[in-house]
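The exercises below are meant to be worked with the sequence and the model side by side. Try each task before reading its solution.

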Amino acid sequence: MYDDDIIAAIATGYAVAAIGIVRVSGRGSLELLEKIFTKKPPYEHRKIYYGHITDSNGEIIDEVLVSVFKAPNSYTGEDSFEISCHGGLSVLNFVLERVLEAGARMAQPGEFTKRAFLNGKIDLSQAEAVEKIISSKSKRALFIAQRQLAGKFSSKIEKIREKILFLMAENEVIIDHPEEDISSIETKEKLNMLIDIKKQLKAILKSSQYGDVIFEGVVLAIIGKPNVGKSSLLNILTGTSRSIVTDIPGTTRDVVSGNFNIKGIPCTILDTAGIRETNDVIENIGVQRSKKALKEADIVIAMFDASNMLDERDTGIIDYAVKHSNKVIGVINKTDIKKANFMLPFDKIVEISCKNETGVDKLEDTIADSVINLESDTDIVSLNANQKESLKKGIDICDKLIDDFKRGADPALIGVDFISLADSIDDIIGKISNEDMLDTMFKKFCIGK
Amino acid sequence: MIYPKKYDVIVIGGGHAGCEAALISARLGVKTLMLTIFLDSIGAMSCNPAIGGLAKGHLVKEVDVFGGEMARNIDETGLQFKILNKSKGPAVWSSRAQADMTAYKLRMKYVLEHQNNLDIKQEMVDEIVAENGKVIGVKTHLGNEYLCDSVVVTTGTFMKGKIFIGLNEYRAGRAWEPPSDKLSDSLRSLGLRVSRLKTGTTPRLDARTIDFDALMVQPGDDEPVPFSFKTTKFNRPNMPCYLAYTNETTHKIILQNLDQSPLYSGMVESVGPRYCPSIEDKVVKFFEKKQHQIFLEPQDENSSEIYADGLHTSLGYEVQLKFLRSMKGLEKVEIMRPGYAIEYDFVDPTQLKHTLEVKSIRGLFLAGQINGTSGYEEAASQGIIAGINAAFYIQKREPFIVNRDEAYTGVLIDDLVTKGTKEPYRMFTSRAEYRLILREDNTHLRLAKKAYSAGLMSKEQYLLIDEQKKKIEETINKLKTTYVFPNERVNKKLLELGSEIIKTKTDLAKLMRRTEFNYDKLREIAIDLEDVESFIKQEVEIDLKYEGYLNLQKQQIEKFKKYEDMRIPEGFDYSLVGGLSNEVKGKLMEIRPASIGQAGRIPGVTPAAIAILVVYLKKINDKRIRNTA
Ligand SMILES: Cc1cc2nc3c(=O)[nH]c(=O)nc-3n(C[C@H](O)[C@H](O)[C@H](O)COP(=O)(O)OP(=O)(O)OC[C@H]3O[C@@H](n4cnc5c(N)ncnc54)[C@H](O)[C@@H]3O)c2cc1C
Ligand SMILES: Nc1nc2c(ncn2[C@@H]2O[C@H](COP(=O)(O)OP(=O)(O)OP(=O)(O)O)[C@@H](O)[C@H]2O)c(=O)[nH]1
Ligand SMILES: [Mg+2]
């Protein structure tokens, strides 16, 4: 719920550009504009006005361009305007303060978008995207969010929705027009369509997991016996010297973390205490925490020393990694000293040398590929937990319907399942109404006894 | 003159809406007058000689429970009865009967004439008189003014009716009956929005010139079931219908003569029904279809006229004859009456309340095709609701409102008053979101209480139904608590019945849920299970077999009710609600929904807008409570 009081904020997206923008929206915002702007009304929708913002004494604060957008055709669906100032950040702040003084309040993060959504200007998935654009930490993320905002994802769902509508209409026409000789498509074809819908929903779910990777990032944990070079690797990847490096085994006694970015994927890396049996209480706590970190990690980097033979502790690490993670990358370090003369049972193995910083690029590529395995990013979407839940529900109902069709179930019951399927799609973007179904029915079938 | 007798309710029109409205109003004990253009066409079927059909059968049975006549009337005059969709689940079974049109209308007239409190006069109403936002009477073409407190308008296709046959145009309300040219102007001047719709009908053929041997016979059910729960003696004929087909020659003739169709030549611009397209439309829009079905139906037991279902047309007479004769079995056919299209005035139904009363004028009710619907059953069900509410208005009783979760009638009216319509509105089962519960078979079970409490059903009838209901519940409970054990006899029997053996103690309800099971089979397994009448068996089977789905719908109904119960006060000022777009506000102010639930069904009102409304209403509600505390 929201009120439509006037909100204002600096539109951060433009903050780096030479001009800054103050965005204002809400009921009565154009009256507010009149108070602070030298150009007086009439203000028309989508017109740009030149003038000055003045303070309460009429003194000029900045020379500006004001774009006016009127309800319901503005971004938020409310009366709104944007002040383009050319001053730096401080002038921008003065203008904002002036707007606030004249009666607006500071917008909360995402509040403009929330209003746009509440006013039906954008659908849920687009709203989701805007939030993501605001919080994008990489160009790659920005690109994906912008595609979603542009409705690319919505139109994909729209296509699925059309297919569902078609199948619903097929089902209804059988019920409501039993005497028509309607050459309806074969059950087998309907079944194929359903299987296809399910496949697409599953693909979307999968790409939303990629969306999570892009927007939420991934957690990597490095494990390995003491002294293999875990801390050294963390320091290289994060470009810092966060983790203390010594040649004393057991240097790192607690989990150290660092952040970096591979191909636009935000990564958090955890350097763990080498997992070993120890009597040292503090180190022992560290080992426990390492185990916990390991469980939380999306990817486990299991590290080994090329210059030594694998020993019992190494095989312990191998067992542990295989048992606790399905995404393990084996890393063989210290290849500057000697080439490894052992084999590791992992799909992905990268040889590196922290000392010479060789093989690190390859490791980064391997990490990126193992979280996002796609030709291009165009399919990646970002969905919230509810939307993902709806997708899962949709997939389950597809299964039920596939079963319905195979059994030749009563069309009235199939109808109920279709409504649930439509509902779950609704939850992702918008509503399928009875009318939509009838429209489809009358378009596809010649009905008329 | 001002007529000396003052009436409580005046019903304008003697069609299917008018008959039900007048009857129920008189039956509820208020002084009622029916004014209609032509007494001989009371209860006339303008189009197809059939009552019921998909989703329409539901409506007929609902009208029956609410004290209406349609079901009883067809049970006495039907020529063939059939339950459609019998091969599908019970939720979509629908009864239909072919009617003897003449017998149908004569019996209806007879019933009206024998109804207490009801006068019938042949007069055309030209004007509705209202004062201070209230109806006070009507004026007729004879110059008579009748005073009353309430008016139900059921003028069907008559207001400024215009018929098209080829390029010829006639003023008529139906076939050759005179139109009502003034009434819609009167409605307009009362502030109502009126616009135009169109529909069409098919040629009537001479049975003596049809080669029935060349056609496929379509008989009714061998064991016909009556519509009315009140019908006890039931013995009607089973006259067949016949199936013919158009062919490519037929289509060619039609396509070559499209310039003769007022629909295509631009003479008729109003919107016709999509589900009942003219043959011109079918041939053009579904160009790839090589043939279309034509049902030939008897109209009257004692007449040669045959109705050609599927051939609605506005093509000229010559073309009609030519394309008819291109069909197998119709090579020598003679037309008795040609098909035609008709265009008429209707009132935008979003101006009505759920009682069918006009929002802006107290005591004025509209029902039937005037509200943009099409079909006898749609008309009758509105007629009865309008009639009940007109009488209740006189009697100062609470309005009688049927909701979407209670009956198809509720769905119909809610759709009309909430969404309006752009084409003649026909009922479909898919319009009823709770159709698993709103079945034909349980109509009297689900509505008896409502009808009885409103005084629409006698106590004896109610008690009888209540007993049935109890018997069903009892039987279900019994099945749920009676067990069979995996012994040799039971398992042998199960295999014999084509079912799987049981391995543990199993209750009978569980067995019943198996697809292949029914009550009689259960009795073979559990020998002492008592026999019950077949209707009870059927209901028990449905309730158990569909239990999961029925429960799901019951949950959905609960959710639905929650929003229906959030009432929006009449005259609520939407401009006070912040955050609603002007578009949404405009729609809400136009429709003036009675509840949040209804608001949500208005096209274009977003879920977000609803969320805002809910919060706002809650806020003012809380404030009110605080203020009164
Ligand atoms: C040509 C045609 C084709 C149709 N095709 C179909 C179809 O294919 N399928 C279908 O389901 N339905 C069809 N219908 C519709 C169906 O006939 C109607 O929906 C139904 O009869 C409407 O019932 P009603 O009571 O509203 O009006 P009607 O049955 O039309 O009755 C109207 C009554 O009002 C009276 N009246 C009108 N004006 C006045 C006045 N000013 N004063 C006094 N009395 C007045 C008339 O005399 C008449 O008795 C068709 C109708 C027509 C005319
Ligand atoms: N020659 C060579 N030495 C390395 C390489 N990587 C790390 N070392 C050295 O190995 C020693 C241990 O490195 P760390 O990074 O502290 O090892 P760790 O795995 O974090 O050790 P603990 O924290 O004690 O478990 C240091 O002396 C590093 O300089 C490498 O690639 N080549
Ligand atoms: Mg370390």
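**Exercise 1. The shell around ligand 2**

Task: Find which helix gives the largest share of the shell around ligand 2, and then describe the contacts and the cover of this ligand.

Solution. Begin with the shell, keeping in mind that this is a predicted model. The largest share, 3 residues, comes from helix H8 of chain A, which spans residues 230-238. In total 24 residues surround ligand 2, and the closest are Ser232(A), Gly250(A), Thr251(A), Thr252(A) and Cys354(A). Sorted by character, the residues of this shell divide into 8 nonpolar, 11 polar and 5 charged.

Next, look at the polar contacts of the ligand. An oxygen atom of ligand 2 lies 2.8 Å from an N or O atom in the side chain of Ser231(A), and an oxygen atom of ligand 2 is 2.9 Å from an N or O atom in the side chain of Asn333(A). A nitrogen atom of ligand 2, in turn, has a polar side-chain atom of Asp336(A) at 2.8 Å. Finally, consider the cover: ligand 2 taken alone exposes 660 Å², of which the protein buries 87%.

**Exercise 2. The shell around ligand 1**

Task: Determine which residues come nearest to ligand 1, and which elements of chain B give two or more residues to its shell.

Solution. The shell holds 36 residues, and those that come nearest are Ala17(B), Cys47(B), Val125(B), Gln369(B) and Gly375(B). By character, the shell divides into 14 nonpolar, 19 polar and 3 charged residues.

Now separate the backbone contacts from the side-chain contact. A backbone N or O atom of Val125(B) is 2.9 Å from a nitrogen atom of ligand 1, while a polar backbone atom of Thr154(B) lies 3.2 Å from an oxygen atom of the ligand. From a side chain, that of Ser180(B), an N or O atom is 2.9 Å from a nitrogen atom of ligand 1. The ligand taken alone exposes 990 Å², and the protein buries 98% of that area. The elements giving two or more residues to the shell are H1, E2, strand E12 (194-201), strand E19 (340-347) and helix H10 (376-394) of chain B. The largest share, 3 residues, comes from E12(B).

**Exercise 3. A strand and its two partners**

Task: Trace which strands pair with strand E1 of chain B, and in what sense.

Solution. Strand E1(B) covers residues 7-12, and 6 of its 6 residues are buried. On pairing with strand E9 (residues 145-153) of chain B, E1(B) runs in the parallel sense over 5 bridges, and within this pair Val9(B) stands opposite Ser150(B). E1(B) also pairs in the parallel sense with strand E2 (residues 32-36) of chain B, here over 4 bridges, and Ile10(B) has Leu33(B) as its bridge partner in E2(B). To follow the connection, take the chain from E1(B) through helix H1 (residues 16-27) to E2(B), a β-α-β crossover that is right-handed.

**Exercise 4. Backbone angles and cis peptide bonds**

Task: Locate Asn132(B) and Leu356(B), whose phi values are positive although neither residue is a glycine, and decide whether each is buried or exposed.

Solution. Recall that most residues other than glycine have a negative phi, and that most peptide bonds are trans. Asn132(B) has a positive phi of about 50 degrees and sits in the loop between strand E7 (125-131) and strand E8 (134-140) of chain B. Because its relative accessibility is 77%, Asn132(B) counts as exposed. Leu356(B) has a positive phi of about 75 degrees and is placed in the loop between E19 and strand E20 (364-366) of chain B. With a relative accessible area of 0%, Leu356(B) is buried.

Turn then to chain A for the peptide bonds. The bond from Pro41(A) to Pro42(A) is cis, with omega near 10 degrees, and Pro42(A) belongs to the loop between helix H1 (29-36) and strand E3 (47-54) of chain A. The bond from Ala71(A) to Pro72(A) is likewise cis, with omega near 0 degrees, and Pro72(A) lies in the loop between strand E4 (60-69) and strand E5 (80-85) of chain A.

Terms used:
Residues numbered from 1 in each chain as written. Chains lettered and ligands numbered in written order. Predicted model: local features only at pLDDT ≥ 70, side-chain atom pairs only at ≥ 80, totals over all residues. Heavy atoms only, no water. Buried < 20%, exposed > 50% of the residue type's maximum accessible area, 1.4 Å probe, protein only. Pairing = 2+ DSSP bridges. Right-handed = clockwise from strand over helix to strand, strands pointing away. Near = heavy atom within 4 Å. Polar contact = N/O pair within 3.5 Å; in protein donor to acceptor, adjacent residues only side chain to side chain. Areas by Shrake-Rupley, 256 points an atom, 1.4 Å probe, with all protein chains shown as cover. Nonpolar A, V, L, I, M, F, W, Y, C, P; charged D, E, K, R; others polar.
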